[in-house]
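Trainee: May we go through this structure step by step, with the reasoning set out for each point?

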Amino acid sequence: MTKLLGPDDMRFFPIHEYREVLSPVVEPADDATEEVISRHLSDLGFVNTRPSSLRKLSVLLCSFLMQSMRLQGRVERRGGSLIIGWPHDEGYWRRRSSVGYKIAESLKEALVEHGWISYTAEAKRNIYEEWGVCNGYRVSECVPDLAKGLSLQSTELVYAASTSSSRSKLQADHIDERVRALWARWKVSPLVYGDQAMFVAPRRFNNAALTRGGRFYGA
């Protein structure tokens, strides 16, 4: 669960809690899943898109489908509605992953246009110690079923290290060798849940040195 918070001067605006906030966490694990996702992207209008952008779109769409299915499970068990948080902060997409703001926005617009999601609520969320807008979108009831049967695995389009005391030290390209070694070991024997194989987890530090402590957070 992700808590959405507002600064003191925004206390008169509604505050929302989203059970899922979109984050790039998985990608296709086999050719069959990759073919399905490519077909979905084509149906959403992403044709003649360069390969690097298609890979990012694939990661984001896979993650969206998986999180929609997970959200549906929560709704069935506990009630509620199929509303997913979609970060609209450029810094979030630039620092949190290498997907990029333009890619995230283009997918969101395509999903809205084709009726996969619809705008529901506006809220403020503390995204990695900086204020950013995270809006809520209602997911169409048919979407979670599209995730069933897909074989998914962790994606490396995530940061391996970050620090709350110095945002400038968020790392993308210089991932610690020890973290890479753990990823490689986990990949040999991943955590398998259903059709998902998880072997990548970002490491988060609470000191500026990035030399001690740190905890791993995975999907």
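The following exchange concerns a predicted model.

Trainee: In what order do the 4 strands of the open sheet lie?

Mentor: The pairing in this sheet is mixed. Strands β3 (26–28) and β9 (191–193) each pair on one side only, and they are the edge strands. The order is β3-β7-β10-β9.

Trainee: Which residue in β7 stands opposite E27?

Mentor: Strands of a sheet pair through backbone hydrogen bonds, either parallel or antiparallel. Here β3 and β7 (residues 152–154) run antiparallel and are joined by 3 bridges. Opposite E27 stands Q153.

Trainee: At about what angle to β3 does helix α2 run?

Mentor: Helix α2 (residues 51–78) lies across β3, β7 and β10 (196–198). Its direction relative to β3 is at about 110°.

Trainee: What span should helix α4 have, and how far apart are its end C-alpha atoms?

Mentor: Helix α4 (residues 101–113) has 13 residues, and at 1.5 Å a residue it should span 18 Å. The expected span agrees with the model, because the end C-alpha atoms are apart by 18 Å.

Trainee: Is N48 buried or exposed?

Mentor: N48 lies in the loop between α1 (31–43) and α2. Its phi is near 55°, a positive value in a residue other than glycine. A residue counts as exposed over 50% relative accessible area. Because its relative accessibility is 83%, N48 is exposed.

Notes:
Residues numbered from 1 in each chain as written. Predicted model: local features only at pLDDT ≥ 70, side-chain atom pairs only at ≥ 80, totals over all residues. Heavy atoms only, no water. Pairing = 2+ DSSP bridges. Helix = DSSP H or I, 4+ residues; strand = E, 2+ residues; numbered from the N terminus. Contact = heavy atoms within 4.5 Å. Axes fitted to C-alpha atoms, helices over the stretch in contact; angles between N-to-C directions. Expected span 1.5 Å × (residues − 1). Buried < 20%, exposed > 50% of the residue type's maximum accessible area, 1.4 Å probe, protein only.
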